[in-house]
Amino acid sequence: MEKSTAKVSPGVSPDPWLSSQRLYPPYVWFEVFGRIAPVEVDLGAGDGIYAEARALREPERDFVAVERLLGRATKIAKKSIRNRFFNLKVLRLESWYFIKNLCPTGSLDAITLRYPDPWPKRRHHGNRILNREFARDAALAVKPAGFFKLTTDDREYFEWAEKEMSHCPDWRVDPSWDGKNEPTSEFEQLFAKEGRQVYRRAWQRV
Ligand SMILES: C[S@@+](CC[C@H](N)C(=O)[O-])C[C@H]1O[C@@H](n2cnc3c(N)ncnc32)[C@H](O)[C@@H]1O
C-alpha cells in the first residue's frame, strides 16, 4: 500500500484507537478527527484492508473501522500508525453497541458491512449483526440521504437482510449502486479465488 503523506491535524490525537471502554456518551466526530468531514463506518472490519484503502483514496472523508476481535483490530491500528492515517480510527467493540449507543443521531454518511459472518443455522440467527432492530438503529445513526451498503457471498443472508431492512420505512433500496468502485477486502479476495458469487445492495436513508 502507498504511504499516506497526510499529517494529523494539530490538537488531534494521533492514536488510532477509540476506547472500547466507552459506554456513553456518543462520539463527537469533530473532536475525534479534528475537523468537519463526512464520516463512514465499516462494521466487522476484519484486518481493515477495505477501510485503509478508503482512507487512503479519500483523504477528505473520515473512517471508523469497528472490529470485535482484538488481533484483527490491532492489525488495523498498527497499519494506521505505520501509514500515518489521520482519517482512520479503530474501535474494538460489538457493532450493534457502537451503532446504538456511540453514534450521534444523523451523524454518519454511510455504514458498510462487508462479508458479515452468516451464522447459517437458524438457532444462531440471533448472532447476526443485521436484523430489524439494527436496521432501525442504523437509520438513526445515518444522515438523511446517507447509505447502508451490504456485500455478502451468502445468498440466504442477503435475502434475510433484504427482509429485515424492509421492516424499517426509513430505508429505501438504491438500485444505482453496484459496488464496482469499492476497494477489495480480505474475505473478498478469499471468496474471489473460490469463484463465489457476490451479492450487493445499498439502501439510502429517506
Ligand atoms: C467474515 S469476516 C469479514 C471481514 C471484512 N469485512 C472483510 O470483508 O474481509 C467478519 C468479521 O466481522 C467481525 N465481527 C463479527 N461480528 C461482529 C460484531 N458483532 N461486531 C464487530 N465485529 C464483528 C469478525 O470478527 C470478523 O473479523
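This passage describes the fold, the sheet and selected backbone features of a predicted protein model. Local features were considered only at pLDDT of at least 70 and side-chain atom pairs only at pLDDT 80 or more, whereas totals for chains, interfaces and linings use all residues. Residues are numbered from 1 along each chain as its sequence is written.

The secondary structure of the protein consists of seven helices and eight strands; these are DSSP runs numbered from the N terminus, with helices being H or I over at least four residues and strands E over at least two. The radius of gyration is 16 Å, close to the 17 Å given by the globule rule for 206 residues, so the protein is as compact as a globular protein of that length. This radius is taken over C-alpha atoms, and the rule is 2.2 Å times the number of residues to the power 0.38. The C-alpha trace spans about 45 × 40 × 35 Å along its principal axes. Of the 206 residues, 38% count as buried (20 or more other C-beta atoms within 10 Å of the residue's own; exposed means 12 or fewer, partly exposed in between, with C-beta atoms placed from the backbone). Among contacts (C-beta atoms, placed from the backbone, within 7 Å) between residues at least 6 apart in sequence, 79% join residues at least 24 apart.

The eight strands form an open sheet of mixed pairing, in the order β1-β4-β3-β2-β5-β6-β8-β7; two strands are taken to pair if DSSP finds at least two bridges between them. Strands β1 and β7 (171–173) stand at the edges with a single partner strand each, so one side of each is left without a neighbour in the sheet.

Strand β4 (residues 88–91) is covered on both faces, with Leu88 and Val90 buried on one side and Lys89 and Leu91 buried on the other. Parallel pairing joins β4 to β1 (residues 17–18) over two bridges. In this pairing, Trp17 stands opposite Val90, and Leu18 is opposite Leu91. Strand β3 (residues 62–66) also pairs with β4 in the parallel sense, over four bridges, and Val64 has Lys89 as its bridge partner. Together with helix α3 (residues 70–82), β3 and β4 make a right-handed β-α-β unit; right-handed means that, with the strands pointing away from the viewer, the path from the first strand over the helix to the second runs clockwise.

Two helices lie across strands of the sheet. Helix α5 (residues 132–141) lies across β5 (108–114), β6 (142–152), β7 and β8 (199–205), and runs at about 135 degrees to β6. Helix α6 (residues 155–166) lies across β6, β7 and β8, at about 15 degrees to β8. Axes are lines fitted to C-alpha atoms, for helices over the stretch in contact, and angles run from 0 to 180 degrees between N-to-C directions.

Backbone features were assigned at three sites. The peptide bond from Tyr24 to Pro25 is cis, with omega near -5 degrees, and Pro25 is located in the loop between β1 and α1 (29–33). Trp119, although not a glycine, has a positive phi of about 40 degrees. Trp119 belongs to the loop between β5 and α5 and counts as partly exposed, with 16 C-beta neighbours inside 10 Å. Ala145, also not a glycine, has a positive phi of about 80 degrees. Ala145 is located in strand β6 and is exposed, with 9 other C-beta atoms within 10 Å.
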